[in-house]
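Biologist: I would like to learn how to read a structure of this kind, step by step. Could you show me the model and take me through some of its features?

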Amino acid sequence: MGPIQPIAEQLDENIRLLQNIFTMTPDLVIRTFESTFVEGPVALVYLSGLVDKSSINNNMLRPLLNPGEHTSTSIFDLLSVGAVSTVYDFGAVEEEILQGSSVLFVEGRTEALVAETHGWPQRAVEDPQLEASLKGAHQGFVETDIQNIALIRRYIPNRELKIKQFRIGARGRGKISVMYMDDIINPDVLKELEDRIKMIDIDAVINTGELEELIEDNPWSPFPQFVLTERPDSVASHLLQGRIAVIVDRSPSVLVGPTTFASFFQNVDDYSTRWPVATFIRLLRYLAFLVATFLPATYIALVSFNYEVIPIDLILSVGESRERVPFPPMLEAMLMELTLEMLREAGVRLPAPIGQTVGIVGGIVIGNAVVQAGVVSNIMVIVVAFTAIASFIIPNYDMASALRLLRFVMMGLAAMFGVVGIIIGLMTLIGHLISLESLGVPYGSPLAPTRFSDWKDLFVRLPLWNMKNRPLSARARQTKRQGDNRPQGDGQ
Amino acid sequence: MRKALHILLSIIVLLSLPGCMDRIDLEDATLSLMVGLDLNEKNELLYYVSSPVFNREAKVKSEEYGIRAESLRQARGRFDEIVSGVTLAGKIQVFCVGKRLLETPDWFRLMDVVYRDARFSVNARMVSFDGPVHDLFHSSPPTKPRIALHLTKLIDTANRRNVTVKTTMQELHRQMYEKGMTPSITKLDKNKEVKVMGTALLTEKGAFATLISGDETPYLQMLLHGKIGEISLSMPYPDGQQDKKIVKKRISYFVKGVDKKIKATYVDGRFQFDVDMKLRVSISERQFPFDMEKDYVKMEKVIEKEILHEYQKLITKCQKLKIDPFGFGLYARAHAYPEWKKIENDWPNTFAQATVRIVPDVTIKGNGIVK
């Protein structure tokens, strides 16, 4: 940006300056007219696609053109728009126009009035796509941050819910809102996050995922270090536990941190299903984590190194089914796992009707034809199917993707070093997980460092009245979450 | 720079792993499921192997070979000359020793490689076969699965009913080197069908000593392990006039629980074992009328007498043959160590002189569900 250009007294001069700034901008509207209210002409400037037309017509144009018996002396009072402010230079004018406000220039004045008349194309609030829930709310975030904040505020109507806003990006100045509960949050963690956001120097942050990559602790790790969610209820619950949410304008997902490994295995539905059921499902998820990461690798290791551990009846059927396969187990597994990944990716990217076809074709190919043709063994198909199912159980998409990637690493290790390789992989994985941090908070918590009081919501989900304190991993300043809510029965 | 160094270091450490050296894909392997050892008439050692065939073009799904060799390792080389895959010993289920070989001293030395090579399966069941091992390996009844799998199942289930012992190669190693007991292994025979004969009791050196039948094996098992699996005993009811009726007066019972207490003492220059056995039994079959409610004590006494009789028979037989499959020596060592220390290298002979007093105490806990 050049030197600050003040607003001139002459309207013509201002319009000329505006036209200099916005060249080749056919959607810029400069409406000049005489208002009976002020002497001399006024000009209303806005970008036609970003404003709410009816608001401009009803709240700006109509009162200005036809003030009626209005007696006020200030033009401020005339505009029936919620937020009106005054700016004095063209830098601010440009910014406001680009953000969807409309600017009113008045002949003879060195200030301009900015009225919030936002009204860009918007999607309706819909059911979240990635995190469908059975019992939770069916409202997912949309692409407008004000809406998203409103969705969250509906859950926490409390004055301690604070929002700090930043503008990031040299070209696409995006609004980033950091949201937290002021009396719960740990100020150090908040400061850490703010510092990281402030340090970003980039053209534009298009998506929350980009922001995540710019501020995460370890960019080399395959594991997500922030929860990206599209559910307001889950954000609200995180906020109440003492975590911070980052809302990126124009992006329908919200970043939550600091997180732990375990939080990727939790789901809003866990807390609205009965606790033994929720516990069972949660244990299934951890099992699925192991299966999705290690099953193909185990298959490779057992079939090419340690066949001794396979029970005798199974080994015979594995042998019989492997007999026709011309590839070594590693290649066989690679082939199938890659096919599966391709199928999955194709299914996601294609439009729904074709996506289904891909699924069916893939199912037939994998399930039947490949085996009949003798390219892949039956057991391998079972292994692939199990892994696929297991990786779909993981509730968080980013975590599931990370596991998919790890699977191939483990397969490589297994093919080279057998079970020893898998153990090395597992140990490296554990080492990595416990050294990882999210906003400076240990990722492995509450397992490592061991915080037994947090285990109530780790592998088992104990009854809600049992979790009287906020999780320690959130580093909350104020830890009491609830009083004694233990139901006594008989209305006592 | 430091990161690069770390990565380099990890790669070096990884590459020093021995993993990839012994890699054999399953389909390149010939898994020996059953291994046999025998002697022919000219006293030459014969080795047999049975392994599954993974091939659609092959008509028979199992291959059996017998060759002449002087050691197990040498035999493996010979087998590799015949079979298509690499012969592997990691999945052996049954290890069979022919009767002729079992009667030669020091046959156990042939097993050295089994315990020396870590990749050898030591969970295989030890079997003594009455007859040429060749017959066993080449008998594949059409109604049975692969002979190796059939035998595995046969032995395991027979052991569950306590018709025979289940001695793995590992267990045999223990029994061979344990000074306080002599080994016992499963005994098989084949006429038309392969059949479990009972238990072969071996001498200290491993040579065949005697056979105890499937009816006697439970008594051995009860002394050895207490109660494992189902123990069902059957006996004729002695009332002095066992006539020539078709339906004999017999009584059968389950042993629901055994509590044994063995006390070893050294009295008058010989070991003395007092075995206190408490048996809880349940009558499962009674082919004659008897008033259980009134006379159950009488029945208990009858059973006690029968058990005592069986044990006396068994122990006298063992003492005559100078074998101790029950492991009384272990108790001698535990309770009378100074005396044991003097004779520990000559336990079987000492045991032959020992007194064994068995006191069975039977309680009838159940009568079945009929009155």
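Modeller: What follows goes from one whole chain to single helices, then to pairs of helices and to single residues. Please keep in mind throughout that this is a predicted model.

Biologist: Let us begin with chain B, then: how many helices and strands are there in it?

Modeller: Chain B has twelve helices and 14 strands, and its C-alpha trace spans about 85 × 55 × 55 Å along the principal axes. Of its 371 residues, 49% count as buried. If we take the contacts in chain B with a separation of 6 or more, 65% of them are between residues 24 or more positions apart.

Biologist: How should I read burial within a single helix, and why do the buried residues of H10(B) line one face?

Modeller: The general idea is that an α-helix has 3.6 residues a turn, so residues three or four places apart point the same way. In helix H10 of chain B, residues 328-335, the buried residues are B:Phe328, B:Gly329 and B:Ala332. Looking down the axis of H10(B), we find the buried residues within an arc of 100 degrees, so they line one face of the helix.

Biologist: And what covers the buried residues of H2(A)?

Modeller: Helix H2 of chain A, residues 53-65, has A:Ser55, A:Ile56, A:Met60, A:Leu61, A:Pro63 and A:Leu64 as its buried residues. Their cover includes four strands of chain A, namely E1 (28-34), E2 (41-47), E4 (102-106) and E5 (112-115).

Biologist: Now for pairs of helices: at what angle do H10(A) and H12(A) pack?

Modeller: For a pair we look at the angle, the distance between the axes and the residues that touch. Helix H10 (residues 329-349) and helix H12 (residues 378-393) of chain A pack at about 40 degrees, and their axes are 10 Å apart. H10(A) and H12(A) are therefore oblique to each other, and their crossing is right-handed. On the H10(A) side the contact includes A:Met336 and A:Leu340, while the H12(A) side includes A:Val384 and A:Phe392. Sorted by class, the residues of this contact are eight nonpolar, one polar and three charged.

Biologist: How do H8(A) and H13(A) cross?

Modeller: The axes of H8(A) and helix H13 of chain A, residues 397-435, come within 8 Å and cross at roughly 40 degrees, which makes H8(A) oblique to H13(A). This crossing is right-handed. Among the residues that make the contact are A:Phe289, A:Ala297 and A:Ile300 of H8(A), together with A:Met411, A:Ala415 and A:Ile422 of H13(A). By class, the contact has 18 nonpolar, three polar and one charged residues.

Biologist: Let us take one residue from that contact: is A:Ile300 buried or exposed?

Modeller: A:Ile300, which lies in helix H8 of chain A, residues 275-304, has a relative accessible area of 0% and is therefore buried. Apart from neighbours within four places in sequence, A:Ile300 touches A:Phe305, A:Pro329, A:Met330, A:Ala333, A:Met411, A:Ala414 and A:Ala415. Sequence and space can also be set side by side here, since A:Ile300 and A:Ile422 are 122 residues apart in sequence and 10 Å apart in space, C-alpha to C-alpha.

Biologist: Finally, why does B:His150 count as buried?

Modeller: The cut-off for buried is under 20% relative accessible area, so B:His150, at 11%, counts as buried. B:His150 is in helix H6 of chain B, residues 147-160, and, leaving aside neighbours within four places in sequence, is in contact with B:Lys144 and B:Pro145.

Methods
Residues numbered from 1 in each chain as written. Chains lettered and ligands numbered in written order. Predicted model: local features only at pLDDT ≥ 70, side-chain atom pairs only at ≥ 80, totals over all residues. Heavy atoms only, no water. Buried < 20%, exposed > 50% of the residue type's maximum accessible area, 1.4 Å probe, protein only. Helix = DSSP H or I, 4+ residues; strand = E, 2+ residues; numbered from the N terminus. Arc of directions from axis to C-beta. Axes fitted to C-alpha atoms, helices over the stretch in contact; angles between N-to-C directions. Parallel < 35°, antiparallel > 145°, perpendicular 65-115°, else oblique. Left-handed = near helix turned anticlockwise from the far one by under 90°. Contact = heavy atoms within 4.5 Å. Nonpolar A, V, L, I, M, F, W, Y, C, P; charged D, E, K, R; others polar.
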